[in-house]
Amino acid sequence: MWRHIASNGLTLLIVGLVVLAGVIGWGMNTYRSSGPLDQAMCLRVEPGSNMRGVSEDLRSQDAVSSAQLFRIAADYTDRASELKAGSFLIPENASMEEIVDIVTRGGQSTCGTEIIYRVGVNAHEIEVRELDPATGRFSTGAEFDPAEDAAPDLYATMRDRDDTRYRVAVAEGVTSWQIVDALRAADFLDGEVDAVPAEGRLAPDSYEVSPGDVRADLLARMEARQDERLNAAWEERAEGLPYDTLEEALVMASIVEKETGVAEERATVASVFVNRLEAGMRLQTDPTVIYGITRGEGVLGRGLRRSELDAATPYNTYVIDGLPPTPIANPGRDAIAAAMNPASTEFLYFVADGTGGHAFATTLDEHNANVARWREIEANRAGQ
């Protein structure tokens, strides 16, 4: 009889183990399979939250099929204690395993509110915007110039949230003084800036920052990125360029940057200046004259005077031969590439063509005809 009881007990144990293995297998399969979320969502995890609260939130929004299974699997994989606060983009049909990874990985929030500080040539602006996870597009809630305007209530509210992301976006062609001046007005950054970095040595780009980041450290990041770009471009430069040092190439890149905002014609603009240098002609470019007047501290805000075009200054390329002594702005990647590898042309002149770009010419007669057309366009616009 005891043998019969033992046999039945062993059978039950085996069946139980098989059932348990099946349940575990089902659970792990469900944990790793695509989830029920029918469109991407933004999951906000408050500071001090635990996995139970997050799992219930996910279940209420139909992002997971079982809050309990989500918690058990997070515990089983030793991830429950690694929960991070923030706002996280949960993709459509994300599995529980993917969601656990997203909310425990750490780093910057991936959705929700973003405060972006745009540092431009003519103006600086802070924009508060929100990502719509379903479309992947941002909607703007507030915009203001921190140096001129009072901060709106929305900005103050979002600044106090731990999951708000911050970026500083620097436009191509901004001067080093303008960048430093803009950063000093950013109340989410700390620290003093003792000196303005050398002109041309800050990389225009978008930089992720956090509240309390030190301004000088951000400037150092910009310098390091520009150095990397310049050195890489210098290694790949064309042969026979009429400048011998990287610094001279940087001066050329800054002139190209200020002369055109059309990416497709930067290499052609660079070719004009290269051809002029090789022919012993003066560059005769207005942006260098303007820099000699402003020293990069703001915008001139008016046209150049005849006396300024005739004045003998180190930056007046209507008077001096060759390149000015320093860059006149911080050029972007495309302008640097154009200066290092200009197009092969015979052009010596260019003038605005009324479309935002330029008309190029090889001879002075062709150029004068282009100038006449441009003046006619200007006259027609003035008469409208």
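Colleague: How do strand 4 and strand 5 pair, parallel or antiparallel?
Modeller: Antiparallel, over seven bridges, with strand 5 covering residues 137-144. Bear in mind that this is a predicted model.

Colleague: OK, and what sits between strand 4 and strand 5?
Modeller: Four residues, in a hairpin. Gly 136 is in that turn, and its phi is positive, about 75 degrees.

Colleague: Which residue in strand 5 does Asp 132 stand opposite?
Modeller: That's Arg 137.

Colleague: What about strand 3 and strand 4, how many bridges there?
Modeller: Seven, in the antiparallel sense; strand 3 is residues 113-119 and strand 4 is residues 124-132. A hairpin of four residues links strand 3 to strand 4. If you want a facing pair to look at, Glu 114 is opposite Arg 129 of strand 4.

Colleague: Switching to pockets. How much space is in the largest pocket?
Modeller: About 1,200 Å³. It's lined by 43 residues, and the ones closest to the centre are Glu 259, Thr 285, Asp 286, Pro 287 and Tyr 318.

Colleague: Which element gives the most to that lining?
Modeller: Helix 13, with six residues. Helix 13 spans 364-383, and other elements supplying at least two lining residues include helix 8 (246-259), helix 9 (266-279) and helix 10 (286-294). Helix 11 (306-310) and strand 8 (349-352) also supply at least two each.

Colleague: And by class, what's in the lining of the largest pocket?
Modeller: You've got 19 nonpolar, 14 polar and ten charged residues.

How values were computed
Residues are numbered from 1 along each chain as its sequence is written. This is a predicted model: local features need pLDDT of at least 70, side-chain atom pairs count only at pLDDT 80 or more; totals for chains, interfaces and linings use all residues. Side-chain values use heavy atoms; hydrogens and water are left out. On a 1 Å grid over the protein atoms alone, a cavity is a set of points where a 1.4 Å probe fits but cannot get out, and a pocket is an open set with protein on both sides within 12 Å along at least five of seven lines; lining residues have an atom within 4 Å of a point. Grid points are joined across faces, edges and corners, and a volume is the space filled by probe spheres set on the points. Ala, Val, Leu, Ile, Met, Phe, Trp, Tyr, Cys and Pro count as nonpolar, Asp, Glu, Lys and Arg as charged, and the others, Gly among them, as polar. Two strands pair if DSSP finds at least two bridges between them.
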